[in-house]
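Trainee: Could you take me through the packing of the helices in this model, one contact at a time, and then through the spaces and backbone details that belong in the same picture?

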Amino acid sequence: MIGLIRDSSTIKVDDKIVTVKGWIQDIKNLGGISFITLRDKCGTIQITLPKKKVEENIFRNLVTLTRESTVIITGETKKSDQTALGLEIVPIDVKVCSRADTPLPMGIVDKVNVEMDTRLNNRFIDIRRPDVRSIFELRSIMMKSIVDVMTRNGFVQVHTPKIVGSGAEGGATLFKIDYFGRSAYLAQSPQLYKQMLMSTGLDRVFEISPAFRAEKSNTNRHVTEFISFDGELAWIDSQKDVMSVIEIVIDHVLKEVSEKGKKQLEILGKKIKIQSPPYPVLTYSECIEIINNLGVNLKDGDDFGTKEEKIIGDYMASKGKDLYFITEYPSASKPFYIMNKDDTSYSYSFDLDFKGQEISSGGQREHRFDRLVSRMKESELDPNDFVFYTNAFKYGMPPHGGWGIGIDRLLTKMLDLQNVRDGILFPRDVSRLSP
């Protein structure tokens with residue numbers, strides 16, 4: 001009777017007969033004996049072929065295969081002190097599923113640096129590398145942990161349109177499409193829809209979905225399609241209520257990935273630092289002072305770019321903090337739906353930064369109809385284009401606030417990846433539309 005389907009965590013010498021399925025990683029021919037390294041998602045296992053003990057057709061089929069060919073091998077387990085698993089398999093049956101072409105477009109285990117473009121052009125092979133695949137296994141753990149913690153805290157998962165008639169942020173970062181002869185856009189954010197839901201009695205909602213920004217920024221942190229994790233909650237007293245929820249979520253995510261992703265983190269050589277909430281809070285004005293004290297001349301109202309974010313990140317790192325909030329940005333720099341801080345030029349807004357990079361923006365929203373419309377006009381938006389949205393504010397809207405977290409950036413900073421594209425299966429950016 002044929003035994004186990006390959007699983008390196010459970011296979012034993014005592015299993016006697018096993019079936020393994022995977023890719024031919026390497027073949028060594030040493031005259032009277034040959035060795036094949038077979039790889040699957042669990043790791044590698046040695047297939048040993050003593051020429052005199054293996055049927056001639058099986059021997060010939062296996063040793064003449066190309067690297068990365070896929071096979072199904074059934075064989076006898078034998079004890080071995082020369083392998084990591086302490087065993088080897090001597091084949092008694094083999095099925096070649098697919099013979100790989102040569103040469104390979106890139107190596108799997110070769111100690112040769114491969115350019116990012118080559119990796120992304122051949123992503124189907126790139127992900128065969130255990131370290132790359134581990135990133136996406138950790139991403140899956142992260143996504144499940146988000147859904148779990150949000151559900152446990154009373155949030156309802158929703159899905160809002162990704163083809164819209166107007167943008168949440170407005171401006172030139174919209175992807176315009178032809179929608180049956182009408183102008184439409186790919187959604188920048190679920191912002192307007194999740195706010196509308198605050199008037200429905202769905203007091204806590206979240207969404208994990210694609211978002212699109214037509215930004216011509218070809219950097220290691222920008223892509224044109226990303227996964228956004230958005231939340232919105234009603235009946236808040238202040239933006240602090242929103243920030244507290246984010247702390248609960250991020251703390252849970254870091255702990256879950258650290259605990260349930262031990263194997264993958266070991267493959268990557270990474271260890272996740274758990275920073276206990278509450279996270280430090282800096283105001284925008286305090287950040288301006290920190291930056292200027294280090295010789296960079298910023299004035300009130302200026303945006304923080306990559307350089308300025310890094311300065312703040314280094315400053316907080318010197319205090320042992322990777323995660324921190326920056327609050328009360330100038331109203332002029334924030335979207336129309338963010339509430340103004342009364343009698344000031346600042347807003348009830350925040351960013352969450354992680355190791356010197358913004359991973360989340362949020363704040364308290366303007367729930368009062370008249371003030372919301374006034375803010376739209378100040379932002380040079382025509383309220384008539386947003387009637388579908390503003391109607392929800394005319395008939396009873398509770399105080400509310402929310403956030404958007406870039407899933408790709410969160411993963412990048414959590415694992416200290418060099419490029420946000422490392423954590424995206426098939427990234428889209430200014431120059432990449434394929435594969």
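**Helix contacts and what surrounds them**

Mentor: Helix 8, which covers residues 284-293, packs against helix 9, residues 306-317, at an angle of about 90°, and the two axes lie 10 Å apart. Because angles from 65 to 115 degrees count as roughly perpendicular, helix 8 and helix 9 are therefore described as roughly perpendicular to each other. On the side of helix 8 the contact is made by Cys287, Ile290 and Ile291, and these meet Glu308, Ile311, Ile312 and Tyr315 of helix 9. Sorted by class, the residues of this contact of helix 8 with helix 9 comprise 6 nonpolar, no polar and 1 charged. All of this should be read with the reminder that the model is predicted.

The other pair to look at is helix 4, residues 130-152, and helix 12, residues 407-414, which pack at an angle of about 120° with their axes 11 Å apart. Since an angle of this kind falls outside the ranges for roughly parallel, roughly perpendicular and roughly antiparallel, helix 4 and helix 12 are therefore oblique to each other. Their crossing is right-handed. Helix 4 brings Ile135, Arg139, Met142, Met143 and Ile146 to the contact, while helix 12 brings Ile407, Asp408, Leu410, Leu411 and Met414. By class, the contact of helix 4 with helix 12 contains 8 nonpolar and 2 charged residues, with no polar ones.

Two of these helix residues and elements lead on to the enclosed spaces, of which the structure holds 2 with a volume of 30 Å³ or more. Met414, named above as a contact residue of helix 12, also belongs to the lining of the largest cavity, together with Leu254, Ile272, Lys273, Gln275, Asp322, Leu323, Phe354 and Lys355. That largest cavity holds about 50 Å³ of space, and its lining has 5 nonpolar, 1 polar and 3 charged residues.

Helix 4, in turn, leads to the second largest cavity, where helix 4 and helix 6 (239-260) each supply at least two residues of the lining. Helix 6 gives the most to this lining, with 3 residues. The residues that line the second largest cavity are Val149, Met150, Asn153, Phe155, Arg204, Val245, Ile248 and Val249, and by class they divide into 6 nonpolar, 1 polar and 1 charged. The space in this second largest cavity is about 30 Å³.

Among the open spaces, the second largest pocket has a volume of about 320 Å³. Its lining consists of 13 residues, and those nearest its centre are Ile108, Val109, Asp110, Arg129 and Asp131; by class, the whole lining has 6 nonpolar, 2 polar and 5 charged residues.

Some backbone details complete the picture. The peptide bond from Pro277 to Pro278 is cis, with omega near 0°, and Pro278 sits in the loop between helix 7 (262-268) and strand 12 (281-283). Another cis peptide bond runs from Ser434 to Pro435, with omega near -5°, and Pro435 is placed in the segment after helix 12, the helix that packs against helix 4. Finally, Glu68, in the loop between helix 1 (56-63) and strand 4 (70-79), has phi near 75°, which is a positive value in a residue other than glycine.

Terms used
Residues are numbered from 1 along each chain as its sequence is written. This is a predicted model: local features need pLDDT of at least 70, side-chain atom pairs count only at pLDDT 80 or more; totals for chains, interfaces and linings use all residues. Side-chain values use heavy atoms; hydrogens and water are left out. Axes are lines fitted to C-alpha atoms, for helices over the stretch in contact, and angles run from 0 to 180 degrees between N-to-C directions. Helices (H or I, at least four residues) and strands (E, at least two) are DSSP runs, numbered from the N terminus. Angles under 35 degrees count as roughly parallel, over 145 as roughly antiparallel, 65 to 115 as roughly perpendicular and the rest as oblique. A crossing is left-handed if the near helix is turned anticlockwise from the far one by less than a right angle, and right-handed if clockwise. Contact means heavy atoms within 4.5 Å. Ala, Val, Leu, Ile, Met, Phe, Trp, Tyr, Cys and Pro count as nonpolar, Asp, Glu, Lys and Arg as charged, and the others, Gly among them, as polar. On a 1 Å grid over the protein atoms alone, a cavity is a set of points where a 1.4 Å probe fits but cannot get out, and a pocket is an open set with protein on both sides within 12 Å along at least five of seven lines; lining residues have an atom within 4 Å of a point. Grid points are joined across faces, edges and corners, and a volume is the space filled by probe spheres set on the points.
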